[in-house]
Structure formats: C-alpha cells, structure tokens
Amino acid sequence: GVFALASTERVIQLVDARTGQRRGEFKLSPRQARGRLFRSIAFSKDGRRLIVGGLMNGGVGIYDVESGNLLIEWDAPNTEYVRFSPDGSKVLHIDNPRQMTVRDPSTGQVLWRRGGVLRAEFTPDGQILAANGTALVRLEAATGNVRQTLPPLRADVFNMVVSPDGSSLFYTPWRGMVVRGVRLADGATFFERPITDGSGSWASV
C-alpha cells in the first residue's frame, strides 16, 4: 500500500507503507499553492485519485496519482476535511465554519450543502455519517436528507472512522485520550479504551 504526505513546500509525497521508501511526488497546483497548510488528503477507493484540501485560500484539488496531473479544482477556503465516496462518484469537504459540501468530483458541481458539520465519513453503502459536537446523523449522499438520527455521543467528536462492514463508528473526543466504539444500529457504546499516560489531550483514529 501507499500513503500520501502533504508538505509545507506544497508537494505531495507518495510513500510505500511497508518500507517507508518514497514512491514519487508531485507539486500542488498554483491555485492550491496559495495555501500553507493541507490538513486533509484522501485517496479514492481504487487508489487512482487523490483529493487535497487546504487551509486559507488553498481550496480543493483532485489529482491523478500515477501522473500527478491536476484533474479538477475549486475554491473552498479553509478546507479541513475531504473524503471520496466508496464508488468514487462523490466527494465531501468540510470548511472551517463547519459547512459540509458534497460535489461531483468529475465536474465540481455542488450537489448539496449542510451546515453544522465538524466531521463526516462515507459508509460502505455510500451514505454519510455527519457529526457536530455530540450529535450524529446518517444522511443520504445523493440528497443530504436525514436517514437516521442517533443518540447523542458521550463527548464532542474530534475524529472518527467507520468500520469496514459499516456496523460501527469509532471516534475520539476533543478532550480526553480515549477511543470509543458505537453500534450504528442503536447508538450504543460497546467499546472504550484509554490511549494515554495522562500527558496528552488529543487523539485520532
């Protein structure tokens, strides 16, 4: 496998996950290079495209991984979070005022927007789990309509990931070094594990 790193030099580095050897690199577009920090990058499921979100005026860009060529980009100031849908037909990005936008990655066309979202993930069946504070909802990816409102989480979400089978959500809170697992069928917490010696305040999953 390969993972990607975004540097402050506006370069994307591709690194072999097993050996740590650099597999390649490419420069960000001039538009994205206006930004300084790139806090979220994500591969499409087939590994052929990479979406990059930048703070300040960096916006969002999608690149061909093999060639490093820019496929499409658009202005989206202070983008903190980006993701591809499992089938690659949609992307989501979240900006600093906590607005989530879902787009067609081929054209950049906005499909819908929703305010009050801090973190979001596509589920394996192509829906979206969106969190803000302790609130968690499941949304239709095509329309943004609410499919399910889950019980409030035990703490404000800092980061989260959906299990491969789509049955569970694992998240870390803004404060407190702990990972919790929640069943998406009923919102019940079934897993909790501290991951600190007491010296830290944030954790990611």
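The questions and answers below concern a predicted model and the grounds on which its strands, cores and pocket are named.

Q: Why are β12 and β13 called paired strands?
A: Two strands count as paired if at least two bridges are found between them, and β12 and β13 are joined over four bridges in the antiparallel sense, so the term applies to them. Within this pair, Ala120 stands opposite Ala130 in β13. The hairpin of β12 and β13 has five residues between the strands, and there Gly126 takes a positive phi near 90°.

Q: What makes β12 and β15 edge strands?
A: The open sheet of four strands has the order β12-β13-β14-β15, with antiparallel pairing. β12 and β15 (146-149) each have a single partner strand, so one side of each is left without a neighbour in the sheet. The twist in this sheet averages 20° from one strand to the next. As for the partner of β15, three bridges join β14 to β15, which run antiparallel, and Arg138 stands opposite Gln148 in β15.

Q: What makes both faces of β12 covered?
A: A residue is buried when its relative accessible area is under 20%. Arg119 and Glu121 on one side of β12, and Ala120 and Phe122 on the other, are all buried, so both faces of β12 are covered by that standard.

Q: Which face of β4 is covered, and which is uncovered?
A: The face of β4 with Ser40 and Ala42 is covered, whereas the face with Ile41 and Phe43 is uncovered. β4 pairs with strand β5 (residues 49-54) in the antiparallel sense over four bridges, and Ser40 stands opposite Gly53 in β5. In the hairpin of these two strands, which has five residues between them, Gly47 takes a positive phi near 75°.

Q: Why is the set that includes Leu92 and Ile94 called a nonpolar core?
A: The term is used for buried residues of kinds such as Ala, Leu, Ile and Met that are joined through side-chain atoms within 4.5 Å. The largest such core has 14 residues, of which Leu92, Ile94, Met100, Ala120, Ile128, Ala130 and Leu139 touch the most other members, so these residues are of the kinds that the term admits. Two or more residues of this core come from each of β9 (91-95), β10 (99-103), β12 (119-122), β13 (128-132) and β14 (135-139). Another core, of twelve residues, lies apart from it and has Val157, Met160, Val162 and Leu169 among its members.

Q: Leaving aside its neighbours within four places in sequence, which residues are in contact with Ala130?
A: They are Met100, Val117, Arg119, Ala120, Ala135, Leu136, Val137 and Leu139. Contact here requires heavy atoms within 4.5 Å.

Q: What lines the largest pocket, and how much space lies in it?
A: About 650 Å³ of space lies in the largest pocket. It is lined by 27 residues, of which Ala42, Arg83, Glu121, Phe122 and Val161 lie nearest its centre. β4 (40-43), β8 (79-84), β12 and β16 (157-162) each supply at least two residues of the lining, and β16 gives the most, with five residues.

Q: Why do β1 and β3 each have one side without a neighbour in the sheet?
A: The open sheet of three strands has the order β1-β2-β3 and antiparallel pairing. β1 (2-6) and β3 (22-27) stand at its edges with a single partner strand each, and therefore one side of each lacks a neighbour. The twist averages 20° from one strand to the next in this sheet. β1 and strand β2 (residues 11-16) pair over five bridges, and Leu5 stands opposite Gln13 in β2.

Technical notes
Residues are numbered from 1 along each chain as its sequence is written. This is a predicted model: local features need pLDDT of at least 70, side-chain atom pairs count only at pLDDT 80 or more; totals for chains, interfaces and linings use all residues. Side-chain values use heavy atoms; hydrogens and water are left out. Buried means under 20% relative accessible area, exposed over 50%, partly exposed in between (1.4 Å probe, protein chains only). Axes are lines fitted to C-alpha atoms, for helices over the stretch in contact, and angles run from 0 to 180 degrees between N-to-C directions. On a 1 Å grid over the protein atoms alone, a cavity is a set of points where a 1.4 Å probe fits but cannot get out, and a pocket is an open set with protein on both sides within 12 Å along at least five of seven lines; lining residues have an atom within 4 Å of a point. Grid points are joined across faces, edges and corners, and a volume is the space filled by probe spheres set on the points.
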